[in-house]
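Let's take a walk through this model together, starting with the empty space inside and moving on to the contacts between side chains. Keep the viewer open as you read.

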Amino acid sequence: MASATPLVEPAIAVPQPTKGKKPPYPFYLGGLAATIAASITHPLDLTKVRLQASGEKRMLESMRKTIRTAGVRGLFDGISGTWLRQMSYSLCRFWAYDESKKILGAGPDSPPWMLAGAGVMAGSIAGVVGNPGEVVMVRLQGDFAKPPEKRFNYKHCFDALFRIVREEGASSLMRGVGPNVIRSVLMNSSQLASYDFFKSQLLKTNYFQDNAICHFTASFAAGTVATTVCSPADVLKSRIMNASGPGSSSTLKVIRASLANEGPMFMFKGWVPSWTRLQPTTILIFLTLEQLRRIVDWQRGTL
């Protein structure tokens, strides 16, 4: 009698995750990284805004003046406005940049023009969304640089929002939106796009791996590019947003007056403090962002 042949069940194919492909990161990581970085570099950002909005020329002297009049705590004046701005503008720009790259089909090895195009798209959206936070931040930071009778004396970012709407109308939250969108387009097409470009180029060499040294080097280069590209729009944005009264929001009038009084180099006024502030901010943003991504990868088990 023949022995029964044991039945062998067919093997079930277990789907394997596609190597190299990761699910999208949480949309808020960029805003969170930017908020952490901006909190650390706030004193430099505060000094930059006050230099651009006033006639002061020296960064260290401006910081000394702030400490003399308001103490060390004065270097963190308006930090609630900075948080509001980062969690609106920066959150939106990082999210929009990632989405824009998907629309354009841009990847790590894409040409610079494609990455810059994604930055332009992201900057156009974020510049509008983040404008109210930008107005609040600039006013909170520049308030103590004014004579007492001309100060707004806002308590915090939400007090500023409510008072601006109540006293000047909701349209005042869009003050300077033109230069702000231009500046946002320039920032995102230079900072975000150049970081991705420099990082991909560095990883193609035999000297860098995907680690903090590579991230630091790429962000350092991106910060220098972004500072130079954004300086003219940054100066105009600060002067327009910090002004008040009829006609004070006209971009052309501000340009004419600045050219007549200071010459064309007014567009690069505050470049050194801008670079000094933007460099550590850019480096901190991308180093923090990359570490936040690693934490997400670790939690997902894809590290």
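The search for enclosed space in this predicted model comes to 2 cavities of 30 Å³ or more. The largest cavity holds about 160 Å³ of space. It is lined by 18 residues, and the closest to its centre are Arg85, Gln86, Arg277, Leu278 and Thr281. Which helix gives the most to this lining? That is helix 4, with 6 residues. Helix 1, helix 2 (42–53), helix 4, helix 8 and helix 11 each supply at least two residues of the lining of the largest cavity. By class, this lining has 6 nonpolar, 7 polar and 5 charged residues.

The second largest cavity has a volume of about 50 Å³. Its lining consists of Arg183, Met187, Ala226, Thr227, Cys230, Ser231, Asp234, Ser274, Arg277 and Leu278. You have met Arg277 and Leu278 already, among the residues closest to the centre of the largest cavity. Helix 9 provides the largest share of the lining of the second largest cavity, 5 residues, and at least two residues come from each of helix 8, helix 9 and helix 11. Sorted by class, the residues here divide into 4 nonpolar, 3 polar and 3 charged.

Cys230, in the lining of the second largest cavity, brings up the cysteines. Cys230 is buried, at a relative accessible area of 3%, and Cys214 is buried too, at 0%. How many disulfides does a search of the whole structure find? The count is 0.

Now turn from the enclosed spaces to the open ones. The largest pocket contains about 1300 Å³ of space. Of the 39 residues in its lining, Tyr25, Lys101, Pro108, Lys199 and Arg293 are the closest to its centre. Two or more lining residues come from each of helix 1 (29–40), helix 4 (79–104), helix 8 (177–204), helix 9 (212–241) and helix 11 (271–300). In this lining, 19 residues are nonpolar, 7 are polar and 13 are charged.

One of the residues closest to the centre of the pocket, Lys101, is a good way into the salt bridges, of which the structure holds 11. The side chain of Lys101 meets that of Asp196 in a salt bridge, at 3.0 Å from N to O. Because Lys101 belongs to helix 4 and Asp196 to helix 8, this pair ties together parts that are 95 residues apart in sequence. Is Lys101 buried or exposed? Lys101 is buried, with a relative accessible area of 18%, just as a value under 20% requires.

Another salt bridge joins the side chains of Arg139 and Glu168, at 2.7 Å from N to O. Arg139 sits in helix 6 (residues 131–142) and Glu168 in helix 7 (residues 157–168), so the pair ties together parts that are 29 residues apart in sequence. Arg139 counts as buried at 0% relative accessibility, whereas Glu168 is partly exposed at 27%.

Helix 7 also has a salt bridge within itself: Arg163 and Glu167 both lie there, 4 residues apart, about one turn of the helix. Their closest N and O atoms are 3.0 Å apart. Arg163 is buried, with a relative accessible area of 17%, while Glu167 counts as partly exposed at 48%. Elsewhere, salt bridges that share partners join Lys199, Asp210, Glu290 and Arg293 into one network. Lys199 and Arg293 should look familiar, since both are among the residues closest to the centre of the largest pocket.

Finally, look at the aromatic rings, which form 8 pairs in the structure. Tyr195 and Phe286 make a stacked pair, with 3.8 Å from centre to centre and 5 degrees between the planes. This pair links distant parts of the chain: Tyr195 is in helix 8 and Phe286 in helix 11, 91 residues apart. Both Tyr195 and Phe286 are buried. To end the tour, find Phe216, Phe220, Trp271 and Trp275, which form one aromatic cluster.

Note on methods
Residues numbered from 1 in each chain as written. Predicted model: local features only at pLDDT ≥ 70, side-chain atom pairs only at ≥ 80, totals over all residues. Heavy atoms only, no water. Disulfide = S-S within 2.5 Å. Buried < 20%, exposed > 50% of the residue type's maximum accessible area, 1.4 Å probe, protein only. 1 Å grid on protein atoms, 1.4 Å probe; cavity = no way out; pocket = protein on both sides within 12 Å on 5 of 7 lines; lining within 4 Å. Points joined across faces, edges and corners; volume = space filled by probe spheres on them. Nonpolar A, V, L, I, M, F, W, Y, C, P; charged D, E, K, R; others polar. Phe/Tyr/Trp six-rings, centres within 6.5 Å; stacked < 30°, edge-to-face > 60°. Salt bridge = Lys/Arg side-chain N within 4 Å of Asp/Glu carboxyl O.
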